[in-house]
Amino acid sequence: ILPILKGEEKQNFREAAVVLKYPMLKVRGEVLGKVVLGARIECHKEMAKVLNYEILNSTSAKSIIMSSYIDVCEAAYNATKKAGFDPIKVYGDETKNQTANISKFIEDEKTDPAIGTYKSISTGHHLVVADLVLLMDVPFRTYTLDQAIARVYRMGQKNTVFSYKLISKDTIEEKILKLQKEKSRLFEDLISDDSASLKNLT
């Protein structure tokens, strides 16, 4: 269209194109994000349905299952129930009963595993009655992952803690995990460099 426009019309068209370009890119990015996120949730839902939950019997203590997504938690809840476990929900509508549900998980010997999202179960709870954490997906932030495991691996824990991350091969999961490892390594290098500098000062 530019060749047939003249003078001011051509300039106005160029300015309008620049103004429209950003919203179009933003919309495309949001659509792509929703498609990728939707595919990721569906993938983990299917994994939750077919996973062999006998791994939860590998410990004499209790277990916790966590995911970023309520749909995945629900799939894990149904699958563990079908496998003969007595799981308890700590996600979705059950978050309003969170304190009571957590208390039941801690006190009732048969209630196992506790299933929740990283957001609903990863902070403010001391869950040393468990020593196995099953992570149905890898959260984007390393901090979220550390907080999730810290509910179990903390002061008062007498057992060895096992955490298992479910990673889909050749997917964004592998890239997230690789990125998290690189960030952790950089952080450790930074801390050790700072410690060395402090020693040189004293």
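Strand β1, residues 62–67, pairs with strand β4 in the parallel sense, and 5 bridges connect the two. Within this pairing in the predicted model, Met66 stands opposite Leu135 of β4. On the β5 side, 4 bridges join β4 to residues 162–165, and these two strands also run parallel. Here Val133 has Ser163 of β5 as its bridge partner. Between β4 and β5 the chain passes through helix α5, residues 142–150, and this β-α-β crossover is right-handed.

How many residues of strand β4 are buried? The strand covers residues 130–135, and 6 of the 6 are buried, so β4 is largely enclosed by the rest of the structure. As a general point, side chains in a regular strand alternate between the two faces of the sheet.

The strands belong to a protein chain with 6 helices and 5 strands. Read from the N terminus, the order of elements is α-β-α-β-α-β-α-β-α-β-α. The chain has 202 residues, of which 36% count as buried. Among contacts between residues at least 6 apart in sequence, 75% join residues at least 24 apart. The exposed surface of the chain is about 13100 Å², with 58% of it supplied by carbon and sulfur atoms.

Helix α3, residues 98–107, has Gln98, Asn101, Ile102 and Phe105 buried. Viewed down the axis of α3, the buried residues fall within an arc of 100°, so they line one face of the helix. The spacing follows a general rule: an α-helix has 3.6 residues a turn, so residues three or four places apart point the same way. Thr99, Ala100 and Glu107 are exposed on the other side of α3. Which elements cover the buried residues of α3? The cover includes strands β1, β2 (88–90), β3 (114–117) and β4, together with helix α4 (118–121).

Nonpolar side chains form the next topic. The largest nonpolar core has 19 residues, and those with the most contacts inside it are Ala48, Tyr53, Leu56, Ile65, Ile115, Leu134 and Met136. Helix α1 (7–50), helix α2 (70–82) and strand β4 each supply at least two residues of this core. The most come from α2, which gives 6 residues. Ala48 can serve as a point of reference: beyond residues up to four places away in sequence, Ala48 touches Tyr53, Val72, Ala75, Ala76, Ala79 and Met136. Apart from this core lies another, of 18 residues, and among them are Ile64, Met66, Leu135 and Val152. Met66 and Leu135, both in this second core, are the residues that stand opposite each other where β1 meets β4.

The loop between α2 and β2 contains Pro87. Is Pro87 buried or exposed? Its relative accessible area is 6%, and a residue counts as buried under 20%, so Pro87 is buried. Setting aside neighbours within four places in sequence, Pro87 is in contact with Tyr77, Thr80, Lys81, Asp112, Pro113 and Ile115. Ile115, one of these contacts, is also among the residues with the most contacts inside the largest nonpolar core. Pro87 and Ala114 are 27 residues apart in sequence, and their C-alpha atoms are 5.7 Å apart in space.

Notes:
Residues numbered from 1 in each chain as written. Predicted model: local features only at pLDDT ≥ 70, side-chain atom pairs only at ≥ 80, totals over all residues. Heavy atoms only, no water. Buried < 20%, exposed > 50% of the residue type's maximum accessible area, 1.4 Å probe, protein only. Pairing = 2+ DSSP bridges. Right-handed = clockwise from strand over helix to strand, strands pointing away. Contact = heavy atoms within 4.5 Å. Areas by Shrake-Rupley, 256 points an atom, 1.4 Å probe, with all protein chains shown as cover. Arc of directions from axis to C-beta. Core = buried A, V, L, I, M, F, W, Y, C linked by side-chain atoms within 4.5 Å.
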